[in-house]
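Here are my notes on the model, set out as numbered points for you to read beside the coordinates. Please check each one against the structure as you go.

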2 protein chains.
Amino acid sequence: MSSKSTTKRADALRSIEAIVQAAAECLGRNPDASLSEIARAAGVGRVTLYAHFASRAEVVDAAMSRALDRGNEVLNAVDLTGDPLLALERYIDAGWHLVDQAQALLAAAQRELPAGRIRELHAGPAARVEALVARGRAEGAFRTDLPIAWLINVLQAVMHSATEEIRAGRLNPERAASHITATVLAAFTPPGIPVPEPRGGA
Amino acid sequence: MSSKSTTKRADALRSIEAIVQAAAECLGRNPDASLSEIARAAGVGRVTLYAHFASRAEVVDAAMSRALDRGNEVLNAVDLTGDPLLALERYIDAGWHLVDQAQALLAAAQRELPAGRIRELHAGPAARVEALVARGRAEGAFRTDLPIAWLINVLQAVMHSATEEIRAGRLNPERAASHITATVLAAFTPPGIPVPEPRGGA
DNA sequence: TCCAAACCAAACATGGTTGTTCGAGTTCTG
DNA sequence: CAGAACTCGAACAACCATGTTTGGTTTGGA
């Protein structure tokens, strides 16, 4: 009955934290980052890493889960009610750079984790945006001549490409959000309806 | 004057062709494909591959150059004059799946080739579209409140994402072109102007 | 026909990554 | 403070990819 507690010591928890955090950073930069690299970045020995994670896959899974949880936390705090255009703008503003790191990690995860696990982790975040887009369509704010799945794909693709443009030095990070917003709102506008004027300061 | 010919025998040229073609396919599927894999796919021995290419980088370069040349050939045949909207539609129709394989190869190239070489190869194709978009802006058909580089980035991103959607089984290949066209034309429309009605058959 | 050019399989060296084991040192926790 | 939990460096085995060499066989071209 000695269900005392975590049975893990404080320094062990500290190491695990450092490893998961380093993994998220390294894999976000390069999906092929080695475990040596991750361990070094975490400031722990390679052996210590293996003491806490049985395989490379477990490290990737932990980093992925963590990033998704973080992102979810932020996105769940965004108010998606009211005018769908404004709601989408708020969503983009809050989440465009989160999506990026998740996407980079996802590239690593896709080679190491079973497909089911990935879908499982990715299901939560997708649902809220999907609901918003569906509502916008029902209210006539977003086009209905293209499938919802396609619209969401466009949203993700544009956000993702923005971070790549920034990394390549072709886009000023401060302008990213307004460019994404202007582009996506136009792409979502039903045919025959005028494209909305940008409102956020350029 | 005995510029007889290539000094290469016919079977050697055949092997090289097979290797470059196999490399384009394999690397397009998986940027990490090994040379053994490529040689096997080409139906030649690994040693033969090394007889014609000094290093992995040379193979990647050859595959990349070839794909770019092929793509260029097709795209240069597209008529980009007249109504910018219709011209862009023709461009997308002809090139949306070419862009994909080039992009997959590009992922492999970016890790193996110097940045300068990549820019060099990529410069040609970009120029024609850029000119089209610039003309469309000058004629008031495309928006001018976003940089040209950003608009072209959006075009590429949407085309690229479409091929990923197809690969994941979430998009019917026959609908891809019309979806891309509808999305991009809307995204390019100047604020205040109505989004164009789709004309191509769904 | 005849030889050089091209092919191939097998084997080698090299270097990197993944996991694992060992022994000795360090640090948390009771 | 004492022992258990944790950490670490070094070194091991296994695997895979890159290049290279060797020697023997096929094949193209003159």
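1. Which side chain does a polar contact of 2.7 Å join to that of R143(A)? The partner is the side chain of D145(A), a polar contact being a pair of N or O atoms within 3.5 Å where, within protein, one must be able to donate a hydrogen and the other to accept it, and where residues adjacent in sequence count only if both atoms are side-chain atoms.

2. Before going further, please note that this is a predicted model, in which local features need pLDDT of at least 70 and side-chain atom pairs count only at pLDDT 80 or more, while totals for chains, interfaces and linings use all residues. Residues are numbered from 1 along each chain as its sequence is written, chains are lettered from A and ligands numbered from 1 in the order in which they are written, and side-chain values use heavy atoms, with hydrogens and water left out.

3. R143(A) sits in the loop between α6 (115–138) and α7 (148–167) of chain A, helices being DSSP runs of H or I with at least four residues, strands runs of E with at least two, both numbered from the N terminus. R143(A) counts as buried because its relative accessibility is 1%, where buried means under 20% relative accessible area, exposed over 50% and partly exposed in between, with a 1.4 Å probe and protein chains only. Leaving aside neighbours within four places in sequence, the residues in contact with R143(A) include F188(A), P190(A), A182(B) and T183(B), contact meaning heavy atoms within 4.5 Å.

4. Chain B is superposed on chain A by a rotation of 180 degrees with 0.0 Å of shift along its axis, at an RMSD of 0.1 Å, the fit being by least squares on the C-alpha atoms of residues with pLDDT of at least 70 in both copies. That is the relation of a two-fold axis, and in chain B the C-alpha nearest the axis is that of P194(B), 1.8 Å from it. Since 100% of the interface residues of chain B are also interface residues in chain A, the copies meet through the same surface.

5. Around DNA strand C there are 23 residues, of which R46(A), R9(B), S15(B), T48(B) and H52(B) come nearest; a residue is near a strand if one of its heavy atoms lies within 4 Å of it. A polar side-chain atom of R56(A) lies 2.8 Å from a phosphate oxygen of this strand, whereas an N or O atom in the side chain of R9(B) is 2.4 Å from a base nitrogen of DNA strand C. The largest share of the surface near DNA strand C, 4 residues, comes from α3(B).

6. For DNA strand D, the residues that come nearest, out of 24 around it, are R9(A), S15(A), T48(A), H52(A) and R56(B). Phosphate oxygens of DNA strand D lie 2.4 Å from a polar side-chain atom of S15(A) and 3.2 Å from a backbone N or O atom of L35(B). Here α3(A) gives the most to the nearby surface, with 4 residues.

7. Finally, an unreviewed UniProt entry annotates residues 34–53 of chain A as "DNA-binding region", although such annotations, given in the numbering used here with shortened feature names, may be inferred rather than shown by experiment. In the model this span is 75% helix and 0% strand, and its end C-alpha atoms lie 14 Å apart.
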